[in-house]
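Student: I would like to work through this protein with you, one question at a time, and to see how each answer is reached.

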Amino acid sequence: MPLELAYKPIELPSMAAMAAGDLRPRDFHARIRRRDMRSIRRALRAPSLIRQRLGGVAMFGLLAVLLGPTGWGEPGGVHAAMARNRMADLQPFERGGDSFPGSAFYWLDTSDSGLIAPTEAQAKWDQSRSDADIGSARPVMAAGSGEDRWRALQCLTAAIYYEAASEPDGGQRAVAQVVLNRVAHPAWPNTVCGVVYQGSERPGCQFSFACDGSLARKPMKAFWDRARRVAADALAGYVYAPVGLATHYHTTAVHPYWAPSLSFIGTIGAHRFYSWAGAAGRPAAFTARYFGGEPIAAPHPRTWTPSPTDIADPLALEKAFEAGRIAAPVAAATVAPAAAVGPAAAVPPVPQQSLVRPQVLPGVKAGAPVSGSGSVLPGYENANKWIAQPGA
């Protein structure tokens with residue numbers, strides 16, 4: 001069935017009605033004119049595009065001025081940026097947070113390393129006329145068999161590594177020089193390994209790494225090789241002059257009670273170095289000669305035998321030395337001519353320095369057994385026995 005749509009017819013006004021004025025045509029011209037005038041007035045009142053952009057820029061600038069000091073819009077804030085500009089001209093070791101005690105030594109001029117060649121150091125030592133003339137220690141060179149040399153190098157490397165692995169070359173050389181200064185002093189053992197591991201059988205030892213478990217950490221190869229090179233130079237006779245005759249040091253993080261009683265030499269790396277203030281710290285006291293004879297390059301077996309004195313106490317050790325209870329090396333042997341004939345009979349025997357020196361500690365009579373010798377001190381024979389048998 002087809003779709004049928006019915007449209008309402010449009011009735012147009014008749015010409016007669018239009019002529020009589022009953023219906024007037026619309027004033028399209030006036031309406032369009034009034035609309036155009038409103039658009040022009042609106043356009044004049046509205047801000048221009050340039051003024052809108054300038055207003056937006058001014059608004060964001062005002063926000064930046066108000067919120068800038070709080071750090072808005074910049075990582076770290078404006079103050080941090082200004083601080084970075086101020087620090088741009090500073091040396092690396094002068095910048096806060098990037099330095100540590102002794103870090104300035106990484107940036108010093110390396111043309112003067114502080115090392116003195118063996119011949120020059122020995123010549124200065126021999127030509128000195130007073131304590132003030134001696135600006136460096138006497139060189140101590142590796143001696144003995146190949147095994148002795150290897151043990152000395154191993155022990156000195158361990159001391160440098162565990163005491164100053166992360167320090168500059170000056171800090172490592174200073175530690176090595178202190179060890180060798182002790183080797184040349186009668187108050188300490190006459191071997192490198194003896195000095196490094198002295199007292200390692202007890203909780204309190206000369207170098208803390210030897211008895212506090214630090215040796216259980218496996219060394220890093222790069223740092224170990226660096227410490228080994230420094231130890232090799234020291235055992236070749238090179239003397240590190242800045243520490244002089246220093247025999248003690250401690251880190252800048254602590255202040256031991258004995259520090260004010262010793263002569264302060266200076267701070268090198270992360271350590272402060274000292275020498276004895278009395279006769280024990282003068283050049284005349286450094287009379288021991290190094291001949292090798294190194295013990296095993298390892299800590300001593302642990303023992304709880306009481307010690308007659310605290311060898312780790314610098315003041316007690318100094319008093320014992322100056323009181324004569326720690327003797328210097330003596331001439332214990334002489335070499336006489338095999339056949340004294342003619343003028344040769346008038347030649348006096350040549351004294352030879354003994355490799356073994358007597359060492360008597362405070363509070364111990366001569367001939368009494370010393371801790372670690374395998375004997376028991378008098379008064380401690382019954383230390384491992386029951387006072388009263390349990391259950392008796």
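**A buried serine and its surroundings**

Tutor: Let us begin with S200 in this predicted model: leaving aside its neighbours within four places in sequence, S200 is in contact with C205, A210, C211, P299, H300 and R302.

Student: Where along the chain does S200 lie, and is S200 buried or exposed?

Tutor: S200 is found in the loop that runs between helix 8 (192–196) and helix 9. Its relative accessible area is 1%, and residues under 20% are counted as buried. Because 1% falls under that cut-off, S200 is buried.

Student: Which residue has its backbone nitrogen 2.8 Å from a polar atom of the S200 side chain?

Tutor: Two backbone atoms can be considered here, and one of them is the backbone oxygen of Y197, at 2.9 Å from a polar atom of the side chain of S200. That atom is an oxygen, however, and the question asks for a nitrogen. The backbone nitrogen that lies 2.8 Å from a polar atom of this side chain belongs to H300.

Student: R202 is in the loop between helix 8 and helix 9 too, so with which side chain does the side chain of R202 make a polar contact?

Tutor: R202 has 11% relative accessibility, and it therefore counts as buried. Its side chain makes a polar contact at 3.0 Å, and the partner is the side chain of E201.

**Other loop residues**

Student: What is the C-alpha separation of E294 and V192?

Tutor: E294 lies in the loop between strand 5 (271–275) and helix 10, and with a relative accessible area of 4% E294 is buried. Its contacts, leaving aside neighbours within four places in sequence, are with D148, R151, A152, T191, V192, C193 and G194. V192 is thus one of its contacts, although the two residues are 102 residues apart along the chain, and their C-alpha atoms are separated by 7.0 Å.

Student: Which residue offers a backbone nitrogen 2.9 Å from a polar atom of the E294 side chain?

Tutor: The list of residues in contact with E294 includes T191, V192, C193 and G194. Among them, the residue whose backbone nitrogen lies 2.9 Å from a polar atom of the side chain of E294 is C193.

Student: Which residues are in contact with G281, leaving aside its neighbours within four places in sequence?

Tutor: G281 is placed in the loop between strand 5 and helix 10, and it counts as buried because its relative accessibility is 12%. With neighbours within four places in sequence left aside, the residues in contact with G281 are L245, W276 and F286.

Student: How far apart are the C-alpha atoms of A259 and Y274?

Tutor: A259 belongs to the loop between strand 3 and strand 4 (263–268), and its relative accessible area of 4% makes it buried. Leaving aside neighbours within four places in sequence, A259 is in contact with H250 and Y274. A259 and Y274 are 15 residues apart along the chain, and their C-alpha atoms are separated by 7.7 Å.

**A helix and the cavities**

Student: Against which strand do the buried residues of helix 10 pack?

Tutor: Helix 10 covers residues 314–322, and its buried residues are P314, L315, L317, E318, A320 and F321. These buried residues pack against strand 3 (248–251).

Student: What is the volume of the largest cavity?

Tutor: Rolling a probe the size of a water molecule over the atoms shows where empty space is left. A search of the whole structure finds 3 cavities of 30 Å³ or more. The largest cavity has a volume of about 60 Å³.

Student: Which helices and which strand each supply at least two residues of the lining of that largest cavity?

Tutor: The lining is made up of L115, R173, A176, Q177, V230, D233, A234, Y238, V239 and Y240; by class, it has 7 nonpolar, 1 polar and 2 charged residues. The elements that each supply at least two of the lining residues are helix 7 (169–183), helix 9 (221–235) and strand 2 (239–240).

Student: To finish with the whole protein, what percentage of its residues is buried?

Tutor: The protein has 10 helices and 7 strands, and it exposes about 24700 Å², of which carbon and sulfur atoms supply 60%. Of its 392 residues, the buried ones make up 34%.

Conventions: Residues are numbered from 1 along each chain as its sequence is written. This is a predicted model: local features need pLDDT of at least 70, side-chain atom pairs count only at pLDDT 80 or more; totals for chains, interfaces and linings use all residues. Side-chain values use heavy atoms; hydrogens and water are left out. On a 1 Å grid over the protein atoms alone, a cavity is a set of points where a 1.4 Å probe fits but cannot get out, and a pocket is an open set with protein on both sides within 12 Å along at least five of seven lines; lining residues have an atom within 4 Å of a point. Grid points are joined across faces, edges and corners, and a volume is the space filled by probe spheres set on the points. Helices (H or I, at least four residues) and strands (E, at least two) are DSSP runs, numbered from the N terminus. Ala, Val, Leu, Ile, Met, Phe, Trp, Tyr, Cys and Pro count as nonpolar, Asp, Glu, Lys and Arg as charged, and the others, Gly among them, as polar. Buried means under 20% relative accessible area, exposed over 50%, partly exposed in between (1.4 Å probe, protein chains only). Accessible areas come from the Shrake-Rupley method with a 1.4 Å probe; for residues, only the protein chains shown count as cover. A polar contact is a pair of N or O atoms within 3.5 Å; within protein, one must be able to donate a hydrogen and the other to accept it, and residues adjacent in sequence count only if both atoms are side-chain atoms. Contact means heavy atoms within 4.5 Å.
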